[in-house]
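Could you show me around this protein, one selection at a time? Open the viewer, and we will go step by step.

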Amino acid sequence: MKRQTVMIVDDTPANIEILSESLGDDYELFFATSGLDALELIRADKPDLILLDIMMPGMDGFELCAILKGDPSTRDIPVIFVTAMIEEEQEIKGLELGAIDYLTKPISPHIVRARVKNHLELKRYRDLLEQLASAAERAKKEFLRSVSHELRTPLTPIIGMTDLVLNQEEDDNKRKYLGMVQKSALRLLGIVEDLIETSRLEGEGGAPENATFHLKSFLDIVVMEARAMADTKGLAFKVHLDPALPEAVVTDQGMLHKILVMLLGNAVKFTPRGAVGLEVRQQEVAGEPMLQFAVSDTGVGIDEADLERIFGDFTQSDGSITRSYPGLGLGLTLARRMTELLDGSIWAENSPDGGSVFQLQIPLVLPDANSIPAT
């Protein structure tokens, strides 16, 4: 097994010698006598642990620790301060900067060996856990990708053949049973499509494909689809479009369409009676122009504790097995991930009049006048 590496940073050669003798031949040791030299060596070859003197000319130990902890490539390297100072204020400062421990001078070889050994063991286990978590995440994604495609392959002919037989069957009872089969297969296909989209966004191919398109024509299609969904449940559908909306925008039209359809579909799904609505307006957030979409409903509402949790993987507000609304809870997860890819934000609110409102914001990017497509 490769020996773990320890860097000793101290401007006093006698201290370096004592620390080196304390650690013996158990570790690969590196040395630096100034903060600047140590920073250069650490960035070139990251050690497993750093023993860092505080009182050094030029860049002291606190400064070096702050730089290391502020750099994503070095922030996880454990730092143990070596110092003659024992004031509580200094000790708190070092721990707040990210150091994991202190060694006080005069140096005790036994204490040095014990603490270095313990912290390196902890680091080894932490690194192992991170590797296992990464491997598990890769395995999960590959499993989702493989299973999703394997499920979709037989579903397509099942739905197609059921539809064919339905069109030819005259017996009402048989049509009823075939309709139940078709409805269940379509629901399963929707779940499979969500799983496929999840694995696609987590892998390559998740980057948005931004292009210019006419906003009004796009919204007309979204409204038509949403009204059709609302009609199937006898719900009213209300629309308000800001007259100041621009003629054309630049974003990923396909992703934006999927997000809005998911939000509107959820609104219809969780609204037994009443109405769903879509409001689109232009507004400024922190000095930046944004497109704001609000999807409202008069449905079951959301518990305050679940307003953020519902955007997590495989999550519904009602997590019970006997819940009234089936599904894996992937729709809002996909909406959140696609919104993040569009550099936007998404959140849920409860309406004072009952029901809920889902808010979506994306940057409003306007095209050059010459790039607006003809209507």
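Which residues form a nonpolar patch on the surface? Select Tyr 125, Leu 128, Leu 129 and Leu 132: together these four make up the patch, with about 440 Å² of accessible area. Keep in mind as you look that this is a predicted model.

Now click on Leu 128 alone. You will find Leu 128 in helix α5, which covers residues 109–168. Leu 128 is partly exposed, because its relative accessible area is 42%, and partly exposed means a value between the limits of 20% and 50%.

Next stop: the sheet. Colour its five strands and follow the order β7-β9-β10-β12-β11; the sheet is open, and the pairing is mixed. Look at the edges, where you will see β7 (236–241) and β11 (345–350). Each has a single partner strand, so one side of each is left without a neighbour in the sheet. Neighbouring strands here are turned by 20° against each other on average, direction ignored.

Zoom in on one pair. Strand β10 (residues 288–297) pairs with strand β12 (residues 356–363) in the antiparallel sense, over seven bridges. To see a bridge, select Leu 291 and its partner in β12, Ile 362.

Finally, add the helices. Show α8 (residues 253–269), which packs on the sheet and touches β7, β9 (275–285), β10, β11 and β12. The direction of α8 makes about 25° with that of β10. Then show α9 (residues 331–341): this helix lies across β11 and β12 and runs at about 135° to β11.

Notes
Residues numbered from 1 in each chain as written. Predicted model: local features only at pLDDT ≥ 70, side-chain atom pairs only at ≥ 80, totals over all residues. Heavy atoms only, no water. Patch = residues over 30% accessible without salt bridge, like charges linked within 9 Å, V, L, I, M, F, W, Y side chains within 5 Å. Areas by Shrake-Rupley, 256 points an atom, 1.4 Å probe, with all protein chains shown as cover. Salt bridge = Lys/Arg side-chain N within 4 Å of Asp/Glu carboxyl O. Helix = DSSP H or I, 4+ residues; strand = E, 2+ residues; numbered from the N terminus. Buried < 20%, exposed > 50% of the residue type's maximum accessible area, 1.4 Å probe, protein only. Pairing = 2+ DSSP bridges. Axes fitted to C-alpha atoms, helices over the stretch in contact; angles between N-to-C directions. Contact = heavy atoms within 4.5 Å.
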